[in-house]
Amino acid sequence: MITHKPPMGWNTWNTFAANIDEELILDSADKLIAAGLKDAGYEYVVVDDCWALRERGKDGKLVPDPKKFPHGMRYVADKLHEKGLKFGMYSCCGTMTCARFPASFNREFLDAQTFAEWGVDFLKYDYCFKPAGAVGAELYRRMGLALASSGRDILFSGCSWGADKTPEWIGTTGANMWRSTGDIFDCWESVKSLIRQQYDILPFGGRDCFNDMDMLIVGMHGKGNVGVKGCTPDEYKLHFAAWCLFGSPLMIGCDIRNMDEETKAILTNPVLLGIDQDPRCNRPYILKCEGNEDLPAVVRTLANGDIAVGLFNLSDAHADPYVCLDDIGVPSAQGKTVEGTEAYTGQTIRAVNAILSASLPAHSCAVYRLKITDL
Ligand code: GLA
């Protein structure tokens with residue numbers, strides 16, 4: 001499968017882990033549509049780990065747990081397709097999934113065929129229990145080929161956490177997206193750490209294989225499987241803005257059946273989604289304000305010549321970060337400046353003195369979509 005934009009959807013893991021079943025999946029799908037998330041672009045409904053029985057069937061195939069999925073997976077796929085959504089599932093390149101269910105090592109072609117028969121559109125592929133001596137790149141290439149030759153368009157979502165120098169080989173496997181980091185948790189420290197880990201891997205994102213910063217924690221408020229202590233409203237906003245500026249896939253991880261209005265507003269922010277889904281998929285770059293690692297400006301040029309600039313304050317104190325327009329390709333010497341709007345407040349701004357700045361409380365950000373204009 002070819003995908004031209006970072007995939008968007010909802011995944012069961014962050015909130016529900018093993019507590020999943022058909023009713024939850026289909027109910028969440030309905031809520032996703034009713035809340036306007038489908039219209040905003042969220043289209044994949046992904047069942048993560050813990051969907052199968054502990055043993056394969058006599059025919060060697062993976063078997064959905066009949067208590068959780070009494071009508072099987074084809075039924076779930078058909079229902080999601082009827083709703084205009086796409087269906088994602090989960091396996092792993094090792095002998096077991098991370099939660100110790102059967103995985104696809106040495107069964108890649110059989111499993112890809114099974115997923116194709118079930119009407120699956122997306123496969124998240126994990127990296128646990130790789131047998132000693134097995135090479136991750138080779139295992140991922142096998143599944144990449146198995147999916148590509150399955151007769152069905154199935155998006156290949158790699159999940160090797162950046163391990164074993166993933167960026168060096170993931171592009172050879174047919175994966176459409178790759179998890180660049182370890183698992184996210186619903187707390188500020190996790191968000192900050194995942195952002196900081198992006199600084200050295202920016203050249204490996206983009207259209208060929210999107211850099212997946214992991215599923216979103218927006219709106220979890222400390223509840224569920226990876227719920228820790230939750231984040232403040234500013235921290236959730238910063239988290240979502242960063243994922244969009246970096247062009248990450250956007251997989252919602254909260255319980256969308258009980259989502260509050262603020263969460264919905266963040267997840268459907270049109271300016272940020274426009275940046276994440278920009279058709280040109282240019283890579284972002286980072287300018288550290290006065291060399292400060294905690295004050296990164298994340299910048300991306302967009303298809304129509306606009307510039308997205310996120311000023312981030314990852315520090316624990318108030319800060320006033322800025323970027324010089326000359327450093328983002330806007331030379332005042334040629335009579336140019338920028339104007340535009342801030343994504344969350346809608347506030348319009350026009351840069352003065354060739355500087356774009358913001359006054360930011362700790363753990364907050366300002367994201368601007370800017371047009372170049374004459375001074
Ligand atoms: C790993 C992945 C997570 C999730 C779990 C499931 O930890 O990184 O995203 O899929 O496995 O067991």
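Where is D39 found? In this predicted model, D39 sits in helix α3, which spans residues 37-40. With a relative accessible area of 71%, D39 is exposed. Its C-alpha is 9.2 Å from the C-alpha of T268, although 229 residues separate D39 and T268 in sequence.

## Around the ligand

Let us turn to the ligand. A shell of 13 residues surrounds the ligand, and the closest are D48, D49, K124, D126 and D183. By class, the shell holds seven nonpolar residues, six charged ones and no polar ones. Three side chains place an N or O atom at the following distances from an oxygen atom of the ligand.

| Side chain | Distance to a ligand oxygen |
|---|---|
| D49 | 2.7 Å |
| W161 | 3.0 Å |
| D183 | 2.6 Å |

On its own, the ligand has 300 Å² of accessible area, and the protein covers 93% of that.

## D214 and the residues it meets

One of the residues listed as closest to the ligand, D183, is also in contact with D214. D214 is found in the loop between β7 (210-212) and α9 (233-245). Is D214 buried or exposed? D214 counts as buried because its relative accessibility is 3%, and the cut-off for buried is under 20%. Beyond neighbours within four places in sequence, D214 is in contact with R179, G182, D183, I184 and W243. The contact with R179 has a polar part: the side chains of D214 and R179 are joined at 3.2 Å. L53 lies elsewhere: D214 and L53 are 26 Å apart, C-alpha to C-alpha, and 161 residues apart in sequence.

W243 also appears among the contacts of S248. S248 is found in the loop between α9 and β8 (250-252), and S248 is buried, with a relative accessible area of 0%. The side chain of S248 reaches the backbone nitrogen of M213 at 3.1 Å. Not counting residues up to four places away in sequence, S248 touches P6, N211, D212, M213, W243 and D276.

## Aromatic pairs

How many aromatic pairs does the count come to? The count comes to 12 aromatic pairs. A pair of aromatic rings is described by the distance of the centres and the angle of the planes. Y44 and F122 form a tilted pair, with 5.1 Å from centre to centre and 50 degrees between the planes. Y44 lies in strand β2 and F122 in strand β4 (residues 122-126), so this pair ties together parts that are 78 residues apart in sequence. Y44 and F122 are buried.

Y127 and Y140 form an edge-to-face pair, at 5.7 Å centre to centre and 80 degrees between the planes. Because Y127 lies in the loop between β4 and α6 (136-148) and Y140 in helix α6, the pair ties together parts that are 13 residues apart in sequence. Both Y127 and Y140 are buried. They also belong to one aromatic cluster, formed by Y125, Y127, Y140, F156, W161 and W169. W161 therefore has two roles to notice here: W161 is a member of that cluster, and its side chain has an N or O atom 3.0 Å from an oxygen atom of the ligand.## Two helices and their buried residues

Which residues of helix α4 (residues 72-82) are buried? They are G72, M73, V76, A77 and L80. These buried residues pack against α2 (22-34), β2 (44-46), β3 (86-92) and α5 (108-118). Strand β2 also holds Y44 of the tilted pair. After α4 comes G84, which has a positive phi near 80 degrees.

In helix α8 (residues 188-196), the buried residues are W188, S190, V191, K192, L194 and I195. Helix α9 is included in what covers the buried residues of α8.

## Positive phi outside glycine

Most residues other than glycine have a negative phi, and most peptide bonds are trans. Two residues are worth a look with this in mind. R100, in the loop between β3 and α5, has a positive phi near 70 degrees. C281 has a positive phi near 50 degrees and lies in the loop between α11 (270-276) and β9 (285-288). C281 is buried, with a relative accessible area of 8%.

Definitions and conventions. Residues numbered from 1 in each chain as written. Heavy atoms only, no water. Near = heavy atom within 4 Å. Polar contact = N/O pair within 3.5 Å; in protein donor to acceptor, adjacent residues only side chain to side chain. Areas by Shrake-Rupley, 256 points an atom, 1.4 Å probe, with all protein chains shown as cover. Nonpolar A, V, L, I, M, F, W, Y, C, P; charged D, E, K, R; others polar. Buried < 20%, exposed > 50% of the residue type's maximum accessible area, 1.4 Å probe, protein only. Helix = DSSP H or I, 4+ residues; strand = E, 2+ residues; numbered from the N terminus. Contact = heavy atoms within 4.5 Å. Phe/Tyr/Trp six-rings, centres within 6.5 Å; stacked < 30°, edge-to-face > 60°.
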